[in-house]
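Colleague: I am new to this structure and would like a close look at one part of it. Could you choose a single helix and walk me through it slowly, setting it against the chain as a whole?

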Amino acid sequence: MALGDAPAAGGPDEEAEDDVLARGAALEAFGESAETRALLGRLREVHGDRAARELAEERFRVIMDKYQEQPHLLDPHLEWMMNLLLDMVQDKTSPTALVHLAFKFLYIITKVRGYKIFLRLFPHEVADVEPVLDMVAGQDPKDHETWETRYMLLLWLSVTCLIPFDLSRLDGNLLTQPGRARMSIMDRILQIAEVSVVLFITRPDVKQQKMAGFLDWSLCTLARSSFQTLEGVIAMDGTLQALAQIFKHGKREDCLPYAATVLQCLDGCRLPESSQTLLRKLGVKLVQRLGLTFLKPKVAAWRYQRGCRSLAANLQHCAPHRPEQQAFLAPSDSHEDDDVPEGVESVIEQLLVGLKDKDTVVRWSAAKGIGRMAGRLPKELADDVVGSVLDCFSFQETDKAWHGGCLALAELGRRGLLLPSRLAEAVPVILKALTYEEKRGACSVGANVRDAACYVCWSFARAYEPRELTPFVPAISSCRSVLGLLVHECEHLQTQLLDFLKCSSNCFLVISVFIAGFPEYTQPMIDHLVTVKISHWDGVIRELAAKALANLTPRAPEYSATHVFPRLLSMTRSPDLHTRHGAVLACAEVAYALHRLAARENFNSECFHYSFRGLGGELMRQAVCLLIENLSLSKMPFKGDTIIDGWQWLIDDTLRSLHLISSHARQQLKDAAVSALAALCSEYYVQEPGQADPTVQEGLVGRYLAELQSPEEMTRCGFSAALGALPGFLLKGRLQQVLAGLRAIARTSPQDVGFAESRRDALKAMARICQTVGVKAGAPDEAVCKENVSQVYGALLGCLGDYTTDSRGDVARVPSWCRASAQTMLPLCSCEQVMCRVAQQASEKIDRFRAHAAGVFLTLLHCDPPTPHVPHRAELERLFPRCDVASVNWNAPSQAFPRVTQLLGLPAYRYHVLLGLVVSVGGLTESTVRHSTQSLFAFMKGIQGDPQALESFGGTLLQVFEDNLLNDRVSLPLLRTLDQMLANGCFEALAAEEDHPFCVKLLALCKEEIKRSKDIQKLQSGIASPTGAPQLQTPLKSRTEGGFCGTVQFCGAVRRQALLQLCLLLCHPFPLIRKSTASRAYEMVLTYSDVVDADALDEVLAVLSDTAWDAKLPGVRAQRNRLCDLLGVPRPQLVPKVTPRRPPQHSGT
């Protein structure tokens, strides 16, 4: 793909797709009717052209897929679409390809609308039977390209089988023509129509002749198939589906004679042992159909009946003029036939086993089967089934059994088969299911059980009169899962039910407050949070429960203060870690909530007398820090109390022990401790408004500054953040001392070069302190002013050169600019440095750093009031107008680099922008390399006609090279950048002049960079390859780097020196370097033909290509010397290694 053809981010295609996704199910009609009609009308023209055919098919799929969620919108148009396509199918002159294409389009429509709706539209007259049969018989079952045709023909055949005539009438003179061997219509359909066999085999004229044979074939297929092979699974799948549908649609008197045999065969298949979910589901489905066949279809006379089954109507207790609903138990019929066939017991047993299956679909099918079977059983036997279902709710059973039991109870309840006398046994187990949870490792199971229990409560609320459920309402209403479900049902919300025990914060923090607004639910909800959720094993649930208690405190402030809070205090002394942690979190949240309600409660300090080390220490530290923060914000009257010393000790010890905390919880714990410190100092360390206690200030600030010198990096991070969080009155008179301490650890030194995170946190602390104390004229110990602002910016500018890397990559650079703190006080030198260094960051390779730096650069440029002393302000405002600030995505290289490279034309910014740009051009990320290279070449093309600008740019480039000599972070990508520039002729104007100073110095710097280097990558970068064509379209891995091969294009002594360096590398100790040098020198000779005399060119190429350069050095050296003679450069001379003589050793006497 050409560079200019790449779609821009957020282009029209993406916007159209986003628009479709955003509309969701908001379509109102089939808007593509005219386009679809035209598309179908062109099928006769495009079916022979493969490209046009595929284009039409893809467009039709796109149109149809838009209506996947609203397929009913297609209903008014289905008939004409089918008629257009069937006209092509029924036309005898239509080519085979067109027929297959028409059936493929029919299948696409069927997939969207569903075959049951589409099926009714097929022609199904007597005249259609034989043509459809002929088309089916003409298909090749092994042709995988036309399976849609066979699928649609079988659907069509299934509806033609329903004609109300004896099929033997269609055979005509079958028996009167002995010379022609023909099969009857019935046999032909049986031979090919396995999909439509259910509707066909149950026809009155077919079942007498074919049903027994088909069932016998099906049972034989099941008997010889194994679910352990793929072929066996496929065979059993189709056979079980056919049998289940026959026993569903067939008449009971026709299927009953075969039911026992089928059940016996099914038992022999041992489907519950199969690992195939579909086979186990079909087995359960067939078993329940067999059970329903054994029992006569009837409505149980003993079932619980009521006239209205609306949950909304049940809840309208106070509705005016509401007629009284009469619920009754029909008297048991004394003439009820209690003779139950033998197979029913086996069916019930298999369904009960299905309730415990490992897959939900199997359990759901078994639950429905239990409900259907119980509806045909006598009262006593049905009650036994209910008892067996209740046995699933044992804590010895798995969560699968609990889930299946809930589904079965819901089915029994909504069908009126769970009599009110059983509610006393069912409701307690449902209450347990509503809070069911079983921990397994680092997670838990039981969400499906709780969801199913909600379904049971919903079905009970619809099935029973309110007076039947009245005794159980208080217990049920205490569970928020049910309350959320009831609210959902009453208000007809169109959102998915959220399970309260494993829900998002919305359920804990929003829905719970709404439900607690009903007085009868407030206290039960609070009690459940305290009893169950505060001690939950999942820390996220404990935190959400604590916040939920704070939200519910305004609903019951007196109850929270007199009952909940004392109970939480007692729980803080629990030996269980989870309970202690949750109780402390809840104490913090409830105390602050009571403060906001102006309620005061004495707090017991014993909850802090814990050991915060060892197992669970980080949890308790975080919880207590949150408690300290909220109690301080609540203005508890503890000023001067000894408990403040305990709180201060805990915060200090936490910051000092961060290196002992697990990495995933370290940042969260540090933030909690720093927030607690800020609240504690603001409340308890102020002597008078704006004045700190001198003793506390001296001890606290001195202690924290001393901790900055700790050998532990995390300790430095913690106390840097703590200094940054101190309130302004504690910094007054100590500002210079604090800033000096932070500047000291923000500087890189050989001892702590790897402490990048501590330097980052020191910068953040300095920025936060500047925001705290503000900018104003005055003493440097009280605010940021003219005397100390340069020191602050000096520290920040120094850290912009910190490129420390570790296994995570570049971790050191943090453009944390306090850009609003001193923008009116920047001296000339500082402002220029700031703008240039930020521009450098805006041109480098890491997207998020580039975007952040660009934002800072534009903020300083366009801030109001204007930042003084900005170099080239007028040009910058022209290049970066204020109106474009919000529209540019600086994270995108395609938008960032074309703008930032324009700064190369401004002398004050050229050096720093070029320093950042060469790192991007010579990087490894393809998009960054591509767009930065394009932008650089565009700038170079613009200055080719200005020799002075070109020389100035070249001088800056050499200065960057010289300043970063042997600095691999810059020198390696710089060599790659040089190669790209040389290969694309960026310095042709300079190369024309013999021994131009730019060329001479460039070669000298390349020699110095690789001198005595053993770095393979650097050596290969120094060899180079000047493939004269631009390399923008070449893959990243095939690009070659710049160096000696590129400088061969220069005239004079520079070329001879470059050739000599290449000859030296041909005898390098590393065989890989020798081979690379020979290969790239070969390309160089082909590219620059004037390097070698025409009569020696073939011999030079032969030496370079035929020599085994990875062989032993003596043989290689001879070929190298021969090559030197051909190139006209002096042979390198072997320098003898001088070995110092060892002094003679004398043995002691």
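Modeller: The protein chain exposes about 54,300 Å², and carbon and sulfur atoms supply 53% of that area. This is a predicted model, and every value that follows is computed from it. The chain holds 55 helices and eight strands, and buried residues make up 51% of its 1149 residues. Among the contacts with a separation of 6 or more, 71% join residues 24 or more positions apart.

The part I would pick is helix α37, which runs over residues 735–746. This helix has twelve residues and reaches 16 Å from its first C-alpha to its last, close to the 16 Å expected at 1.5 Å a residue. Its buried residues are Leu 735, Val 738, Leu 739, Gly 741, Leu 742, Arg 743, Ile 745 and Ala 746, a list in which Arg 743 stands beside leucines, a valine and an isoleucine. These buried residues pack against α34 (694–707), α35 (713–725), α36 (728–731), α38 and α39 (789–799).

One of these partners, α38, spans residues 756–773 and contains Ser 758, a residue that gives a view of the packing from the other side. Ser 758 counts as buried because its relative accessible area is 0%, under the cut-off of 20%. Leaving out residues up to four places away in sequence, Ser 758 touches Ile 745 as well as Glu 713, Arg 716, Cys 717 and Ser 720. Ile 745 is itself one of the buried residues of α37, while Glu 713, Arg 716, Cys 717 and Ser 720 have numbers that fall within α35 (713–725).

For the wider setting, it helps to turn to the nonpolar cores. In soluble globular proteins, nonpolar side chains tend to be buried together. The largest nonpolar core here has 195 residues, of which Leu 876, Leu 903, Tyr 909, Met 940, Phe 953 and Phe 987 touch the most other members. Helix α30 (residues 577–596) gives the most to this core, with ten residues. Apart from that core lies another, of 86 residues, including Trp 302, Val 344, Leu 352 and Leu 423. Phe 987, once its neighbours within four places in sequence are set aside, is in contact with residues that include Met 940, Phe 953, Leu 957 and Phe 1050, and two of these, Met 940 and Phe 953, are also named among the members that touch the most others.

Notes
Residues numbered from 1 in each chain as written. Predicted model: local features only at pLDDT ≥ 70, side-chain atom pairs only at ≥ 80, totals over all residues. Heavy atoms only, no water. Core = buried A, V, L, I, M, F, W, Y, C linked by side-chain atoms within 4.5 Å. Buried < 20%, exposed > 50% of the residue type's maximum accessible area, 1.4 Å probe, protein only. Helix = DSSP H or I, 4+ residues; strand = E, 2+ residues; numbered from the N terminus. Contact = heavy atoms within 4.5 Å. Areas by Shrake-Rupley, 256 points an atom, 1.4 Å probe, with all protein chains shown as cover. Expected span 1.5 Å × (residues − 1).
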